[in-house]
Amino acid sequence: MNSKIGPEHLRDFERRRSLRFVLPREEDIVLTAAGQEYRGKLEDVSIGGAKLRLTDELPALSDISLAHESAGVIEGVCMWHDGESLGVSFDLTDPALQLISLCLRQGVPSGTSHAA
């Protein structure tokens with residue numbers, strides 16, 4: 001089977017290569033999926049993605065939104081999840097850029113690429 005690599009694959013590749021910033025003080029986050037709210041913490045962030053740890057286990061879903069007190073609501077896609085941890089990919093909207101900026105100011109580079 002021959003598969004074609006399009007712009008969306010290249011964007012995903014570049015996002016995966018971006019440096020992750022681990023937060024010294026994890027940010028509170030509310031994730032909404034299928035009409036249910038889940039509270040959790042933002043553990044690290046990169047350009048176009050983040051790793052979250054929730055207080056409850058999330059069912060397997062793809063389309064989600066994140067609500068952050070300062071940044072607002074960010075629409076995203078769950079790229080992976082393992083129990084209470086998950087990786088989220090999101091477009092670089094104004095709320096996403098505000099969240100990334102906030103986190104980069106306080107974050108410490110982890111030296112590894114983003115896994116989401």
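The loop between β1 and β2 contains A34. In this predicted model, A34 has a positive phi of about 50° although it is not a glycine. The residue has a relative accessibility of 69% and therefore counts as exposed, since the exposed class begins over 50%.

**Overall architecture**

The protein chain comprises two helices and seven strands. Along the sequence these elements follow the order α-β-β-β-β-β-β-α-β. The chain has 116 residues, of which 40% are buried. Among its contacts with a separation of 6 or more, 59% involve residues 24 or more positions apart. The exposed surface of the protein chain amounts to about 6,800 Å², and carbon and sulfur atoms supply 52% of that area.

**The strands β4, β5 and β6**

Strand β4 covers residues 63-68 and strand β5 covers residues 72-82; the two pair in the antiparallel sense over six bridges. One of the residues involved is A67, whose bridge partner in β5 is V73. The two strands form a hairpin, with three residues between β4 and β5.

Strand β5 also pairs with strand β6 (residues 85-90), again in the antiparallel sense and over six bridges. Here G76 stands opposite F90 of β6. These strands, β5 and β6, form a hairpin with two residues between them. In its turn, G83 has a positive phi of about 70°.

S89 is found in strand β6. Its C-alpha lies 6.4 Å from that of M79, and the two residues are ten positions apart in sequence.

**The nonpolar core**

In soluble globular proteins, nonpolar side chains tend to be buried together. The largest nonpolar core of this model has 24 residues. Those with the most contacts inside the core are L31, L52, I64, L66, L86 and F90. At least two core residues come from each of β1 (19-33), β2, β3 (49-54), β4, β5, β6 and α2 (94-106). The largest share, five residues, is supplied by β1.

The surroundings of I64 can be described in detail. Residues up to four places away in sequence being left out, I64 touches L31, T32, A33, I74, E75, G76, V77, C78, L86 and V88.

**Buried residues and the cysteines**

The table lists five residues that count as buried, with their relative accessibility.

| Residue | Relative accessibility |
|---|---|
| E27 | 7% |
| E43 | 16% |
| C78 | 10% |
| S89 | 7% |
| C103 | 0% |

Each class follows from a cut-off: a residue is buried when its relative accessible area is under 20%. E43, at 16%, is therefore buried. C78, with a relative accessible area of 10%, is buried as well, and C103, with 0%, is also buried. The structure holds zero disulfides.

**Two buried glutamates**

E27 lies in strand β1. Because its relative accessible area is 7%, E27 is classed as buried. The side chain of E27 makes a polar contact of 2.8 Å with the side chain of H68. Apart from residues up to four places away in sequence, E27 touches G40, K41, L42, H68, L102, C103 and Q106. C103, one of these, is the buried cysteine with a relative accessible area of 0%.

E43 is found in strand β2, which spans residues 36-46. Its side chain is joined to the side chain of R53 by a polar contact of 2.7 Å. If neighbours within four places in sequence are left aside, the residues in contact with E43 are F21, V22, L23, E26, K51 and R53.

**Helix α2 and its distant contacts**

Q106 is found in helix α2. The residue touches L23, P24, R25 and E27, not counting residues up to four places away in sequence. With R25, the separation is 81 residues in sequence, whereas the C-alpha atoms are 8.1 Å apart in space. E27, among the residues touched by Q106, belongs to strand β1. Helix α2 is also among the elements that each supply at least two residues of the largest nonpolar core.

Note on methods: Residues are numbered from 1 along each chain as its sequence is written. This is a predicted model: local features need pLDDT of at least 70, side-chain atom pairs count only at pLDDT 80 or more; totals for chains, interfaces and linings use all residues. Side-chain values use heavy atoms; hydrogens and water are left out. Helices (H or I, at least four residues) and strands (E, at least two) are DSSP runs, numbered from the N terminus. Buried means under 20% relative accessible area, exposed over 50%, partly exposed in between (1.4 Å probe, protein chains only). A polar contact is a pair of N or O atoms within 3.5 Å; within protein, one must be able to donate a hydrogen and the other to accept it, and residues adjacent in sequence count only if both atoms are side-chain atoms. Contact means heavy atoms within 4.5 Å. A disulfide is a pair of cysteine sulfur atoms within 2.5 Å. Two strands pair if DSSP finds at least two bridges between them. Accessible areas come from the Shrake-Rupley method with a 1.4 Å probe; for residues, only the protein chains shown count as cover. A nonpolar core is a set of buried Ala, Val, Leu, Ile, Met, Phe, Trp, Tyr and Cys residues joined through side-chain atoms within 4.5 Å.
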